[in-house]
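Take a look at the chain below. The walk-through starts at one residue and then widens to the whole fold.

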Amino acid sequence: MLQLTLFGTQACHLCEETLYMLQPLAGNDVAVREVDIVSDQTLLDRYQLRIPVLRREDTGEERDGPFTLAQLMDWLGDALGEEG
């Protein structure tokens, strides 16, 4: 199962759009964990100007949003067993 972490805030419409974009992947062995950066000063300092940020837990690679569904699928293609 591919684990993703979405760093954002509750007031971030781009974060909401990213989460919505990821919903169909849940049936394809993708799990998304949301982290609200406001509750942690270290995370806030690191991500506040970059959100939404999506991190692949298998590689540690991070992708700053916003991004399109095509860009997201290309980035995740190897983990989903698809050509990128």
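**From one arginine to the whole chain**

Arg56 sits in strand 3, which covers residues 53-56. The model is a predicted one. Is Arg56 buried or exposed? Its relative accessibility is 2%, and the cut-off for buried is under 20%, so Arg56 counts as buried.

What surrounds this side of strand 3? Leaving aside residues up to four places away in sequence, Arg56 touches Leu2, Gln3, Leu4, Glu61, Trp75, Leu76, Asp78 and Ala79. Among these contacts, Leu2, Gln3 and Leu4 lead back to strand 1, which spans residues 2-8.

Follow strand 1 next. Strand 1 pairs with strand 2, residues 30-36. The pairing is parallel and runs over 7 bridges. One residue to pick out is Phe7, whose bridge partner in strand 2 is Val35. In a regular strand, side chains alternate between the two faces of the sheet.

How are the two strands connected? Helix 1, residues 13-22, completes a β-α-β unit with strand 1 and strand 2. The unit is right-handed.

Now turn to the cysteines. How many disulfides does a search of the whole structure find? The count is 1. The bond joins Cys12 to Cys15, with an S to S distance of 2.5 Å. Cys15 falls within the residue range of helix 1, 13-22. The torsion about the S-S bond of Cys12 and Cys15 is about 80°, so this disulfide is right-handed. Both ends are covered. Cys12 has 10% relative accessibility and counts as buried. Cys15, with a relative accessible area of 6%, is buried as well.

Step back to the full chain. It holds 3 helices and 4 strands. Read along the sequence, they follow the pattern β-α-β-α-β-β-α. The β-α-β unit of strand 1, helix 1 and strand 2 opens that pattern.

Contacts tell how the chain is folded together. Take those between residues at least 6 apart in sequence: 58% of them join residues at least 24 apart.

The overall dimensions come last. The C-alpha trace spans about 35 × 25 × 20 Å along its principal axes. For 84 residues, a compact globule would have a radius of gyration near 12 Å. The chain has 12 Å, so the two agree. Of the 84 residues, 37% are buried. The accessible surface comes to about 5200 Å², and carbon and sulfur atoms account for 48% of that area.

Definitions and conventions: Residues are numbered from 1 along each chain as its sequence is written. This is a predicted model: local features need pLDDT of at least 70, side-chain atom pairs count only at pLDDT 80 or more; totals for chains, interfaces and linings use all residues. Side-chain values use heavy atoms; hydrogens and water are left out. Two strands pair if DSSP finds at least two bridges between them. A crossover is right-handed if, with the strands pointing away from the viewer, the path from the first strand over the helix to the second runs clockwise. A disulfide is a pair of cysteine sulfur atoms within 2.5 Å. Buried means under 20% relative accessible area, exposed over 50%, partly exposed in between (1.4 Å probe, protein chains only). Contact means heavy atoms within 4.5 Å. The radius of gyration is taken over C-alpha atoms; the globule rule is 2.2 Å times the number of residues to the power 0.38. Accessible areas come from the Shrake-Rupley method with a 1.4 Å probe; for residues, only the protein chains shown count as cover.
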